[in-house]
Amino acid sequence: MSKFKTIVWPQVILFGDSITQFSFQANGWGAEISNKLARKCDVVNRGFSGYNSRWGKLILPRLISNQTSAADNNIAAITVFFGANDCALEDKNPQQHIPLQEYSENLKEISRLLAAAGVSADRVIFITPPPLHESSWEKECILKGSPLNRLNSVAGQYAQACVQAAGQCGADVLDLWTLMQKDGQDYTVYLSDGLHLSEKGNQFVAQHLWGLMESRVTDLPFILPYWGDVDPKSPESSLLCDQ
């Protein structure tokens, strides 16, 4: 048995719905964050396509072990990105719809569950749903045999609730709904089908998320020595020592 201590990488967890699940695709925002944190953190994709905050709240304890203290926890940051499904219209998509007030309470409960697992609020970043382009998304709905089941104005109400919940929890928030529509810009370029992110939308999320996340991970060490610092005559003196 090895006498050397196993290296435990800090983690950044991306928790959310399909916009998170798809974030590791080519040029995805999760892949970009992971690339920036190579040799510093494991970036873990915990995105679940179609899920809402109610379901996210239920599964969270199965995803993160309940640590005895914050010191035992190796989570450097976690994103919580629900709302795009919660805001579905109740009469058109009752399976995914979550009432606005419950959505807000679910986000707060997720924050409480994370705190109980040793993840303090200053390591949590909520992300609001992005804006919705109704005519593009309506085409997707029609292809699946259903009418338009989301509205941009309703997505905005959920985004506002997310911002408020984050403030009440003491967490940071990335308000995509507002930022993508700021100054009347054409936000449709950020969306691939009216709901999910395009390549440009992924770049937008990665850029703004990194602005919030960088301070949480900037002091984390580069894990294992730079190759040029390894003594070729005695590599074990560099590679097998505790960091």
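Trace the protein chain from its start and the order of elements reads β-α-α-β-α-β-α-β-α-α-β-α-α-α. That makes nine helices and five strands; both kinds are DSSP runs numbered from the N terminus, with helices being H or I runs of at least four residues and strands E runs of at least two. You are looking at a predicted model, in which local features need pLDDT of at least 70 and side-chain atom pairs count only at pLDDT 80 or more, while totals for chains, interfaces and linings use all residues. Residues are numbered from 1 along each chain as its sequence is written, and side-chain values use heavy atoms, with hydrogens and water left out.

**The whole chain**

Zoom out to begin. The C-alpha atoms fill a box of roughly 70 × 35 × 35 Å along the principal axes. Of the 243 residues, 46% are buried; here buried means under 20% relative accessible area, exposed means over 50%, and partly exposed lies in between, using a 1.4 Å probe and protein chains only. Now think about contacts, meaning heavy atoms within 4.5 Å. Among contacts with a separation of 6 or more, 76% link residues 24 or more positions apart.

**Stop one: Thr-128**

Select Thr-128, in the loop between β4 (124-127) and α5 (134-143). Is Thr-128 buried or exposed? Thr-128 counts as buried because its relative accessibility is 0%. Show its neighbours next: leaving aside residues up to four places away in sequence, Thr-128 touches several residues, among them Phe-81, Ala-159, Cys-162 and Val-163. The residues it touches also include Val-173, Leu-174, Asp-175 and Leu-176. Then add Trp-177, whose backbone nitrogen is reached by the Thr-128 side chain at 3.3 Å. This is a polar contact, a pair of N or O atoms within 3.5 Å; within protein, one must be able to donate a hydrogen and the other to accept it, and residues adjacent in sequence count only if both atoms are side-chain atoms.

**Stop two: Ser-53**

Move to helix α3 (residues 53-63), where you will find Ser-53. Ser-53 is buried too, because its relative accessibility is 0%. Which side chain does Ser-53 join in a polar contact? Select Asn-106: the two side chains are joined at 3.0 Å. Other residues that Ser-53 touches include Phe-82, Asp-86, Ile-98, Tyr-103 and Ile-110.

**Stop three: paired charges**

Side chains of opposite charge can pair when their charged atoms come close. The structure holds six salt bridges, each one a side-chain nitrogen of Lys or Arg within 4 Å of a carboxyl oxygen of Asp or Glu. Here are some to visit.

- Display Lys-108 and Glu-105, whose closest N and O atoms are 3.5 Å apart. Both sit in helix α4 (residues 100-116), three residues apart, about one turn of the helix. Lys-108 is buried at 16% relative accessible area, whereas Glu-105 is partly exposed at 32%.
- Go on to Lys-36 and Glu-32, which meet in a salt bridge at 3.9 Å, N to O. They are four residues apart in helix α2 (residues 29-36), so about one helical turn separates them. Lys-36 is partly exposed at 38% relative accessibility, and Glu-32 is partly exposed at 34%.
- Finish with Lys-92 and Asp-91, where the closest N and O atoms of the salt bridge are 3.2 Å apart. Lys-92 is partly exposed at 37% relative accessibility, while Asp-91 is exposed at 63%.
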